[in-house]
Amino acid sequence: MITLPFLVVFPALAAALLLLISRDSWRRLVVWAGAAVTGIASLSLLFITPESGPLFYPVGYEVLSEGMFVAELAIAVFLIYLGIKYRKYLAIFLILFQAALLVFFETGRGSVLHHITPNLFIDQFSLIMALIIGIIGSLICVYSLGYMATYHERHPNVPDRRRSFFFLVFIFLSAMFGLVFSDYLPWIFFFWEITTLCSFLLIGYSKTDESIKNAFLALNMNILGGIAFAGALLYIIAVNPGGELLHLHSLIQSSHAIALVPAVLIGFAGITKSALMPFSGWLVGAMVAPTPVSALLHSSTMVKAGVYIIVRFAPVLTGTMEGLIIGLVGGVTFLLASAIAISQSNAKKVLAYSTIANLGLIVACAGVGTYKLIWAAILLIIFHAIAKSLLFLCVGTVEHRIGSRDIEDMTGLIVRMPRISVMMFIGIAGMFLAPFGMLISKWAAIEAFSDAQFGLAFIAILAFGGSLTVLFWSKWMGKIISMCPVAERVENNISTEKWMVLSILTALTVLVCLIFPIISAHLIEPFVLAVYGQTTRLSQDNITIMAMMLFLLMIMPFSLLLYRNDKRIVPAYMGGRPTTADLTFQGSMGIQQHVGLCNYYFEEVFGEQKLFMAGSALCFGLILLVGTLTAGVAL
Amino acid sequence: MMHIENALLFLVLAPVIGGLVAGIDRKITARMQGRVGPPLLQPFYDVGKLFQKEQILVAPSQNFYITAYLVFIVVSGALFFAGGDLLLVIFAFTLAHIFLVLGAYSSYSPYSFIGAERELIQIIAYEPMIILSAVGMHLVTRSFYVADIMAAKVPLISYLPGVFIGFLMVLTIKLRKSPFDLSTSHHAHQEIVKGVTTEFSGPMLGRVEIAHWYENVFLLGFIYLFFAWNPLVAILVLAIVYFIEIVIDNTFSRVTWQLTLKSAWIIAGLMGLANLGILYYLSGVVPV
Amino acid sequence: MSYLSRSPWLLHYDASSCNGCDIEVLACLSPLYDVERFGIINTGNPKHADVLVITGGINEQNRQVVRNIYDQMPDPKVVVAVGICACTGGVFRECYNVVGGIDCIIPVDVYVPGCAARPESIIDGIVRALDILEAKKERMGKPGGTGPAGSPAGGAQ
């Protein structure tokens, strides 16, 4: 059981060490060792997780809670200092407000709570989250080594603060472990705040005006969520002065009447953290950060903290009007973010909007919260984390080689960077194609919604939103695989570290699709069973068929090897004009003309601004509605 | 649950039926235009000829994508006729079309590139309605399995008239006929040369054609589901539906992609969603 | 008879015709003549075509284009020159920019004379070309018989 606190403390120790080390070789060693130990330790959790129900691990050090309170105040002071330095007064105001709530909570609970023993715990869902954080997070850390070195070569005017970079990344992992293992809500809140702080600092890493602006945007929105979270703590203390309900599990198992208000408040915090509309702006802005940060924020940490907590509270939300509305916020976000992604040509922005869309889908599942939907939501979390981190790291690698992150510049990438392209291809396929991961969960979600209350609205959202997803992913795929034969190969000089990480993630993307029945049977189903008393799975027939499809897909590329190469290669049809392979031809008057192929973006239909405004207004209205409803319950 | 023998029958018979349907289609179209028209077996001659031609390529990878397209169209159809999960069938069907689109993209040719983009627009135009149809059938029969839907004792059409009309829209798009033949045309007349199929020639084009036959049989099978309680009525309806498609094809000119997308989604919303909404509301009275 | 001659797909190219022959070619598709009876389809794409129907003579602007279209057609393929200009250059033969008939660029299999060529003779020419198509198919697999008779090796422009 020592593994739980070990996983929380160890990355923090590694982080502290990394803050001290400035030699590159030493840093490399520590990051490798830290990542390896974290990964192995999180894997070892597989052996200690109970078959059903959570396993608690009391931590009887009251001083820890006190320490966390002091740390939170210190963070507030630090943030206020930064706020003054950069003249961001809204941020200062929000931080002060949150700190005031905290002090109020701490003094309010006074001596009453001293008899409460905070718990760490582990159940299958925590284990899944820990595996995502431990494996994917660690891989991203390793990848960052090579990436950050290149990053600083490319951006000589950004001060080299790699020490604090790796410090923050490891602290981030530590906080995420803390978040998923804590049962005591004030602790969860503490770790929650740490992730806010780390993401804030990481987004502002380059200290350009834009990055500082976006960092504060992220901070403001997340602190807003933090305020709601603190409000939830205060509410619990108010209705339950004994404080037993500050334990996550007792809160969830308590009556609807008490748990609903904190669930909605924390759900709101989750919405801000997982960047649903109208808070999606911060996640899109976060892409100014170095790519591994985006990968970290989008796949394994940060946004997953938001959906984690909403999925935890799903049993409270299920069947309530509030839960339904929160689900709708997710659903609307899914639909509109998918549509916006169509109009984007910046690869990282497409990834950002697809993340937002998928988080929306997870929240939609969790908000409606039937047992089948929770099953689908957890699957979504797993598949999304792997495929999305792979895609971000691929884009980062490509960006360093071709000097652009624009999808239009990735024409014929398969010729220029074949291995990376294949990995990217698999990653994208993992995001939307049968029989890969995300589609399995979408499928499960459709089936589950068709049995759920008001499910039709969500089915409509999934049907339309799902088809939009197909559009933007496929046209990206198409760009990559266009065979522009004259392009030059630029795949050399990519470090083995990067290759290793990318290969592992690619393998994981495929592997998880193959073994997901096992994951489902041993991790997801016991969790759903423990919480809801019943569980679901895909039928055996369908699993077999999916496996066969996957197998087909894997063997089919070998047909290329069998294919005889004596076929006549002719240039593309260009209205009869003799054309070179890169589409240059002799125009009339003897002028050389070049043809460029550019994807459709449908700006006038799926324009970012228009849809974002619409989505924000809609989601804001929904959140106001749920706020009013909750206030009605609370008073 | 699964009926492997049906899947095998589909594998063997679907190209025959699909080709014959295409032949009848061409004959009727010719008669409507006051022509004699080609022989009934003309589609088979065409495909036979394509396999006798030399294979020329723009990019060798085209071959892989088109093979995958054919294979997954066949897989989705076979799965459908074996009585498998309707949603999985639809996803495999989408996967197949993504391969067709990728094949067009891979050739780096302006015409097939535009065709690919337009094919994608068509996919997002019809995809929601197909999913809504599956969900509608599930609402009535409480099962996503084609086998169970086939075995339903109630006429699905009486519960899902709106969904049925919405599905006809899908069929019109999928048959590659006017007015929605954006990405490539069933006919000789050309707008963007041949759209997605521009760079496929000889045997490869033959495979695309065969896939199209399989696809049409699958779509007709889907329509059959609405009337599965009475095979005689079902076959009659199939004939009528196909005839209406031919009439539409011969009376409408091609529309823009905007109109295609808009009308497809509006029909999916008005017909499909409204129908499902009413069913949802009345779900207490729907027999299981 | 193999499938080839039952399903000849045409590609019609207007080299530098006065449009007289073009109209007659299109007339073949009309209900009166209805060449689809023979499985003939007018495609717009050399990669799908079996029969290249050219009207008008070759001029300096289109000599490369004709060559290129011909190269992009998969074997076996036949060329039908429709109208006297396509056959010999016709009345434009002496023009400063006219090279001559189609056969000075690519091998022609059937010549359909006339100014303009009548639809009946065009159809007749195409049907005659089908036999040549079959013969070329026969030769395709054999050594030395890959390309059409008299043509330089296809492929490069």
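This report covers the fold of chain B, its contacts with chains A and C, and the sheet of chain C.

The model is predicted: local features need pLDDT of at least 70, side-chain atom pairs count only at pLDDT 80 or more, and totals for chains, interfaces and linings use all residues. Residues are numbered from 1 along each chain as its sequence is written, while chains are lettered from A and ligands numbered from 1 in the order in which they are written.

**Chain B**

Chain B has 11 helices and one strand. Helices (H or I, at least four residues) and strands (E, at least two) are DSSP runs, numbered from the N terminus. The order from the N terminus is α-α-β-α-α-α-α-α-α-α-α-α. A compact globule of 288 residues would have a radius of gyration near 19 Å, and chain B agrees at 19 Å. That radius is taken over C-alpha atoms, and the globule rule is 2.2 Å times the number of residues to the power 0.38. The C-alpha trace spans about 60 × 40 × 40 Å along its principal axes.

Of the 288 residues, 62% count as buried (20 or more other C-beta atoms within 10 Å of the residue's own, with C-beta atoms placed from the backbone).

**Contacts of chain B**

Two residues are in contact if their C-beta atoms, placed from the backbone, lie within 7 Å. The contact between chains A and B takes 46 residues from chain A and 56 residues from chain B. H21(A) gives the most to the chain A side, with 14 residues. Chain C is met by 25 residues of chain B, which touch 20 residues of chain C. Helix H2 (residues 42-52) of chain B supplies the largest share of the chain B side, six residues.

The table splits two of these sides by class. Ala, Val, Leu, Ile, Met, Phe, Trp, Tyr, Cys and Pro count as nonpolar, Asp, Glu, Lys and Arg as charged, and the others, Gly among them, as polar.

| Side | Nonpolar | Polar | Charged |
|---|---|---|---|
| Chain A, touching chain B | 32 residues | nine residues | five residues |
| Chain B, touching chain C | eight residues | 10 residues | seven residues |

Strands also link chains A and B. S3(A) and strand S1 (residues 56-57) of chain B run parallel, joined by two bridges. Here Arg568(A) has Ile56(B) as its bridge partner.

**The sheet of chain C**

Chain C holds an open sheet of five strands, ordered S2-S1-S3-S5-S7, with parallel pairing. Strands pair if DSSP finds at least two bridges between them. Strands S2 (41-43) and S7 (110-112) of chain C stand at the edges, each with a single partner strand, so one side of each lacks a neighbour in the sheet. S5 (residues 78-82) of chain C pairs with S7(C) over three bridges. Val80(C) stands opposite Val110(C) there.

Notes. A residue is buried if 20 or more other C-beta atoms lie within 10 Å of its own, exposed if 12 or fewer, and partly exposed in between; C-beta atoms are placed from the backbone.
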